[in-house]
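Open the model in your viewer and keep the sequence panel beside it, so that each selection can be followed in both. The tour below moves from one selection to the next and says what is to be found at each stop.

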Amino acid sequence: MDQPIEGIGERSDAVLRTAMPARYWHRLEDGRIQCDVCPRYCKLHEGQRGLCFVRARQHDQIVLTTYGRSSGFCIDPIEKKPLVHFLPGTPVLSFGTAGCNLTCKFCQNWDISKARDLDRIQDVASPAAIAEAAARSGCRSVAFTYNDPVIFLEYAVDVAQACRARGIKTVAVSAGYIAPEPRVEFFRHMDAANIDLKGFTEGFYKNLCTGKLTPVLETLEYLKHQTNVWFEITTLLIPGENDSAAEIEAESAWVMDRLGPDVPLHFTAFHPDWKMLDTPPTPPQTLRMARRIAMQAGLHYVYTGNIHDPAGQTTYCHACGAALIGRDWYELTAWNLSADGACLACGTDCAGVFEVAPGRWGARRQPIKVRATAADAPI
Ligand code: SF4
């Protein structure tokens, strides 16, 4: 772990409320410093923050201002991330920090991602304390979620290392908007990811997120072809913006062609939020249509989300059609996989990361406090 910077941040309640030196930046000829973490490549003068608000130039270097600080911890079902082929039924210790490197007008977590008041993220937690809390509470994994962990890469990597040392897996919930070099380091420490593929046109990314589609597609291809990270994809369908049959066909064909049939794809329902309060919620029939289109394109595992649709949230064997994992929201209602993850009816493997039996966490959501460990004593 890097050492905190003298004179920056507070040292009162542990070393943790401190800006930490950040990686991935370089100095420009005109005196500015460029952050190289994400495709925005913010160019900063002394004292300025990047668009994500949490990476800043202080003392002539880039620092992460939210290292060790969280907007709160909660034990969730892993299905809520959503990840449905990764340790189904198990609890995951979830947390986020503040800020985001996209500016989605439809943000469903805007109170966290748009947070500018860093005092709002009061919970202080070291990597060791988070791993300890996960182990103590019986969580099989820790998820970086609520806001995009790409922007707190140094903290996420340290937490992931502490977790892995204790046999706890790590999950990134991310938009995949990250530059090639940090992408390698970031995902090397992750066991699973859910990547938000927000739409399938550059226009959507430009107009609604002030971002670009291409780097996200590159992240997806990187995950598939150069890592062992288990990942699933989520597309929030927004009426009139990214929910046309043509766009869904194009996305499904791309996933099939570039990633193959076994990457699960979730189509989830939008609800009016942030700067899109006048857009109506996604009708359930749109989600079902999208699922149909993606399955016709050849994808094996396609799901609907944020609506009541047990049929659209069940995992079926792609060979014989048997229901393998039944779900009702985040609750498992059936389990027909063998100990090694194959269909009990026909023996065909189901893609994913499974244990001998499913977890029994259910749909509960339980906020918890993470306590400091002895290793967190102030220095
Ligand atoms: S991570 Fe933040 S500071 Fe760095 S380029 Fe992206 S938005 Fe800018």
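**First stop: a sheet of three strands**

Begin with the open sheet whose three strands lie in the order 2-3-4 and pair in antiparallel fashion. Its edge strands are strand 2 (25–27) and strand 4 (43–44), each of which pairs on one side only. Please keep in mind, here and at every later stop, that this is a predicted model. Now select strand 2 together with strand 3 (residues 33–35), and you have two strands that run antiparallel and are joined by three bridges. Within this pair, H26 stands opposite Q34 in strand 3. As background, the strands of a sheet pair through backbone hydrogen bonds, either parallel or antiparallel.

**Second stop: the nine-stranded sheet**

Next, select the nine strands that form another open sheet, this one with mixed pairing and the order 16-15-14-13-12-11-9-8-20. Strand 16 (302–305) and strand 20 (366–368) stand at its edges, and because each has a single partner strand, one side of each is left without a neighbour in the sheet. If you look along the sheet, neighbouring strands are turned by 25° against each other on average, with direction ignored.

From this sheet, pick out strand 9 (residues 91–95) and strand 11 (residues 141–144), which run parallel and are joined by four bridges. To follow the pairing at the level of residues, select S94, whose bridge partner in strand 11 is A143. Then add helix 3 (residues 153–165), which packs on the sheet and touches strand 9, strand 11 and strand 12 (169–174), while its direction makes about 175° with that of strand 11.

**Third stop: aromatic rings**

Which residues do ring pairs link into a cluster? Show the side chains of Y67, F73, F95, F144, F152 and Y155, since these are the ones linked in this way. In the whole count there are 13 aromatic pairs. One of them is the edge-to-face pair of F144 and F152, with 6.4 Å centre to centre and 70° between the planes. Both F144 and F152 are buried. F152 also forms a pair with Y155, and this one is tilted, at 6.1 Å centre to centre and 55° between the planes. With a relative accessible area of 0%, F152 counts as buried, and Y155, also at 0% relative accessibility, counts as buried too.

Two further rings are worth selecting together with a charged side chain. The charged end of R49 sits over the ring of F53, 4.5 Å from its centre, and the charged end of R364 sits over the ring of W361, 3.8 Å from its centre.

**Fourth stop: a serine in a loop**

Is S126 buried or exposed? Select S126 in the loop between strand 10 (123–124) and helix 2 (127–136); its relative accessible area is 4%, and because buried means under 20%, S126 counts as buried. Add S70 to the selection: although S126 and S70 are 56 residues apart along the chain, their C-alpha atoms are separated by 9.9 Å.

**Last stop: the whole protein**

Finally, clear the selection and zoom out to the protein as a whole, which has eight helices and 20 strands. Its C-alpha atoms fill a box of roughly 65 × 45 × 40 Å, taken along the principal axes. Of its 379 residues, 57% count as buried.

Methods: Residues are numbered from 1 along each chain as its sequence is written. This is a predicted model: local features need pLDDT of at least 70, side-chain atom pairs count only at pLDDT 80 or more; totals for chains, interfaces and linings use all residues. Side-chain values use heavy atoms; hydrogens and water are left out. Two strands pair if DSSP finds at least two bridges between them. Axes are lines fitted to C-alpha atoms, for helices over the stretch in contact, and angles run from 0 to 180 degrees between N-to-C directions. Contact means heavy atoms within 4.5 Å. Buried means under 20% relative accessible area, exposed over 50%, partly exposed in between (1.4 Å probe, protein chains only). Rings of Phe, Tyr and Trp (its six-membered ring) pair if their centres lie within 6.5 Å; planes under 30 degrees apart count as stacked, over 60 as edge-to-face and the rest as tilted. A charge sits over a ring if NZ of Lys or CZ of Arg is within 6 Å of the ring centre and within 35 degrees of the ring normal.
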